[in-house]
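Got the viewer open? Let's take a short walk through the model, one selection at a time.

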Amino acid sequence: MGMLQMKRVYEAPEEQDGYRILVDRLWPRGISREKAKLDLWAKSIAPTNELRAWYGHVPERFGEFARRYREELKGNPDMESFRRLAARKLQDGNVTLLYAAKEGALSNAAVLLEDLKA
């Protein structure tokens, strides 16, 4: 059984990353698809454009952002298949959720990671 983890997409890919999933709705600036070395771009489970724009990575809004994003995940028709895929990939090794935000602890990846581990 692998480990579920998260990492900034701008960090160099490593073998221990395992299956690499970008969980942002927008493609990260300044990085090529080749350099990102993604296995999957799961933009359908990322926060909506409206929620992302409201949050704006303002630290004081993170608690409310996390609550709203969890609500979006509950109603997202793609979330169950994403959850199954992550569980299946974890049988073979690590799964790394990739994000572009500067502060990982305040990113949608952190919320998603917690949700998948629950």
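Is phenylalanine 65 buried or exposed? Phenylalanine 65 is buried, because its relative accessible area is 2% and anything under 20% counts as buried. Keep in mind as you click around that this is a predicted model.

**Stop 1: the stacked pair.** Leave phenylalanine 65 selected and add tyrosine 69. The ring centres of phenylalanine 65 and tyrosine 69 are 5.9 Å apart with the planes at 20°, so this pair is stacked. Both residues sit in helix α3, four residues apart, which puts about one helical turn between them. Tyrosine 69 is buried, just as phenylalanine 65 is.

**Stop 2: back to the start of α3.** Now add phenylalanine 62. Phenylalanine 62 and phenylalanine 65 both belong to helix α3, which covers residues 62-75, and they are three residues apart, again about one turn of the helix. Phenylalanine 62 counts as buried because its relative accessibility is 17%, under the 20% cut-off.

How many aromatic pairs does the structure hold? There are five. Phenylalanine 62 with phenylalanine 65 makes a tilted one, at 6.1 Å centre to centre and 40° between the planes. Add Tyr55 to your selection as well: ring pairs join Tyr55, Phe62, Phe65 and Tyr69 into a cluster.

**Stop 3: the whole helix.** Select all of α3 and show it as a cartoon. It has 14 residues and runs 20 Å from its first C-alpha to its last, close to the 20 Å expected at 1.5 Å a residue. Colour Phe62, Phe65, Ala66, Tyr69 and Leu73, which are buried. Then turn the view to look down the axis: the buried residues of α3 fall within an arc of 95°, so they line one face of the helix.

What is on the other side of α3? There you'll find Gly63, Lys74 and Gly75, which are exposed.

Next, bring in the neighbours. The cover over the buried residues of α3 includes α2 (49-55), α4 (79-92) and α5 (108-117).

**Stop 4: two arginines over rings.** Finish by selecting arginine 33 and tryptophan 27. The charged end of arginine 33 sits over the tryptophan 27 ring, 4.4 Å from its centre. Then select arginine 61 and tryptophan 54, where arginine 61 lies over the face of tryptophan 54 at 5.3 Å from the ring centre.

Notes:
Residues are numbered from 1 along each chain as its sequence is written. This is a predicted model: local features need pLDDT of at least 70, side-chain atom pairs count only at pLDDT 80 or more; totals for chains, interfaces and linings use all residues. Side-chain values use heavy atoms; hydrogens and water are left out. Rings of Phe, Tyr and Trp (its six-membered ring) pair if their centres lie within 6.5 Å; planes under 30 degrees apart count as stacked, over 60 as edge-to-face and the rest as tilted. Helices (H or I, at least four residues) and strands (E, at least two) are DSSP runs, numbered from the N terminus. Buried means under 20% relative accessible area, exposed over 50%, partly exposed in between (1.4 Å probe, protein chains only). A charge sits over a ring if NZ of Lys or CZ of Arg is within 6 Å of the ring centre and within 35 degrees of the ring normal. The expected span of a helix is 1.5 Å times one less than its number of residues. The arc is that of the directions from the helix axis to the C-beta atoms. Contact means heavy atoms within 4.5 Å.
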